[in-house]
Amino acid sequence: GQDMIAHSEELFFTYFYGDTESRLDRGLAPEPDRSRIPWVVERLRRSCAAVTPNLSFVAMTARQLDDLDGVLGDPEARYLHPDVLQMWRDGNPRHRPDLERFTARERAKFPFLQELTRALARGGVPLLAGTDASAPGLFPGKSMHVELEELVRAGLTPAQALAAATTSASRFIQQHVRGADPFGSVEPGQRADLVLLGANPLADIRNAARITGVVVRGRWLTAEAIGSMRRAYGSR
């Protein structure tokens with residue numbers, strides 16, 4: 001009866017954790033039980049439940065463990081509210097009291113979730129693109145591009161990753177959110193929120209970030225206009 005699982009790490013903790021805790025207690029590397037992947041994929045496919053992988057969150061957790069200064073020094077940080085940036089400094093995973101144990105778990109979890117996401121896509125489970133934007137390291141806006149790249153890195157095609165953020169998301173919202181505006185495709189009657197790119201994202205998903213301009217609520221904004229607004233905001 002559940003419509004969507006957010007996020008795939010919840011599947012990790014529920015179905016695949018196995019004896020990971022006891023292995024960590026014994027100083028051994030955690031080994032998620034991969035033999036259960038086909039069973040979970042089939043259960044989700046039959047139930048028609050969607051999954052939001054949220055690989056960007058797991059990837060950013062790993063990056064903070066490796067290079068916290070690099071994350072906090074990202075140019076996007078100038079657009080964060082000071083309170084949010086302070087929360088990132090105080091609440092990032094490097095402050096965990098169980099840092100060594102947590103790091104060992106995360107090192108095992110990330111490649112497993114990549115494998116699980118790939119199996120979900122191949123098994124016909126609907127995938128939705130989403131991030132924990134504003135969680136430490138996940139810059140609003142930029143984090144969606146990170147998610148698209150991580151979906152492709154996990155084994156999805158660029159077309160599948162883009163669908164997770166557009167048509168698949170639209171189908172899910174239309175099915176489960178009463179009165180929602182139609183979106184997710186370019187056709188008459190759809191909401192006019194569009195992104196014009198300078199290169200083909202089907203050839204390279206990173207091209208999704210090469211934005212020439214956008215239409216927001218029917219208003220056309222060039223990349224230069226957006227950059228001007230961002231600079232004005234970042235200088236406040």
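# Buried residues, one helix and a small sheet

Asparagine 54 has a relative accessibility of 1%, so it counts as buried (under 20% relative accessible area; exposed is over 50%, partly exposed lies in between; 1.4 Å probe, protein chains only). This is a predicted model, in which local features need pLDDT of at least 70 and side-chain atom pairs count only at pLDDT 80 or more, while totals for chains, interfaces and linings use all residues. Residues are numbered from 1 along each chain as its sequence is written, and side-chain values use heavy atoms, with hydrogens and water left out.

## Unusual backbone angles

Asparagine 54 sits in the loop between strand 2 (50–52) and helix 4. Helices (H or I, at least four residues) and strands (E, at least two) are DSSP runs, numbered from the N terminus. The phi of asparagine 54 is near 55 degrees, a positive value in a residue other than glycine. What is the usual sign of phi in residues other than glycine? Most of them have a negative phi, and most peptide bonds are trans.

The table lists some positive phi values.

| Residue | Phi | Where |
|---|---|---|
| Asparagine 54 | near 55 degrees | loop between strand 2 and helix 4 |
| Serine 134 | near 85 degrees | loop between helix 6 and helix 7 |
| Glycine 155 | about 130 degrees | just after helix 7 |
| Arginine 217 | near 55 degrees | hairpin of strand 4 and strand 5 |

Serine 134 is partly exposed, with a relative accessible area of 30%. The chain also has a cis peptide bond, joining alanine 6 and histidine 7, with omega at about 25 degrees. Histidine 7 lies in the loop between strand 1 (4–6) and helix 1.

## Serine 8

Serine 8 is part of helix 1 (residues 8–16). Is serine 8 buried or exposed? Its relative accessibility is 1%, so it is buried. Which residues does serine 8 contact, leaving aside neighbours within four places in sequence? They are Val51, Thr52, Pro53, Leu55, Leu113 and Leu116. Contact here means heavy atoms within 4.5 Å.

## Tryptophan 88 and asparagine 92

Tryptophan 88 belongs to helix 5 (residues 82–91). At 1% relative accessibility, tryptophan 88 is buried. Not counting residues up to four places away in sequence, tryptophan 88 touches eight listed partners, among them Leu72, Leu80, Ser134 and Phe139. Glutamine 190 lies 102 residues from tryptophan 88 along the chain, and their C-alpha atoms are separated by 37 Å.

Asparagine 92 is in the loop between helix 5 and helix 6. Its relative accessibility is 2%, so asparagine 92 is buried. What lies 3.0 Å from a polar atom of its side chain? The backbone oxygen of tryptophan 88 does. The backbone oxygen of arginine 89 also lies 3.0 Å from a polar atom of the asparagine 92 side chain. Such a polar contact is a pair of N or O atoms within 3.5 Å; within protein, one must be able to donate a hydrogen and the other to accept it, and residues adjacent in sequence count only if both atoms are side-chain atoms. Asparagine 92 also touches Gln64, Leu68, Met87 and Pro136, not counting residues up to four places away in sequence.

## Helix 7

Helix 7 (residues 142–154) has 13 residues, which should span 18 Å at 1.5 Å a residue (the expected span is 1.5 Å times one less than the number of residues). Its end C-alpha atoms are 19 Å apart, which agrees. The buried residues of helix 7 are Ser143, Glu147, Leu148, Glu150, Leu151 and Ala154. Seen down the axis, these buried residues fall within an arc of 165 degrees, so they line one face of the helix. The arc is that of the directions from the helix axis to the C-beta atoms. Helix 4 (55–72), helix 6 (99–122) and helix 8 (158–165) are among what covers the buried residues of helix 7.

## The sheet

In what order do the three strands of the open sheet stand? The order is 3-4-5, with antiparallel pairing. Strand 3 (194–197) and strand 5 (219–222) are at the edges, each with a single partner strand, so one side of each has no neighbour in the sheet. Neighbouring strands are turned by 20 degrees against each other on average, direction ignored. Axes are lines fitted to C-alpha atoms, for helices over the stretch in contact, and angles run from 0 to 180 degrees between N-to-C directions.

Two strands pair if DSSP finds at least two bridges between them. Strand 3 and strand 4 (residues 211–216) pair over four bridges. Leucine 197 stands opposite isoleucine 211 in strand 4. Helix 10 (residues 223–234) packs on the sheet and touches strand 4 and strand 5. The direction of helix 10 makes about 80 degrees with that of strand 5.

Strand 4 and strand 5 run antiparallel and are joined by four bridges. Valine 215 stands opposite tryptophan 220 in strand 5. The hairpin of strand 4 and strand 5 has two residues between the strands.
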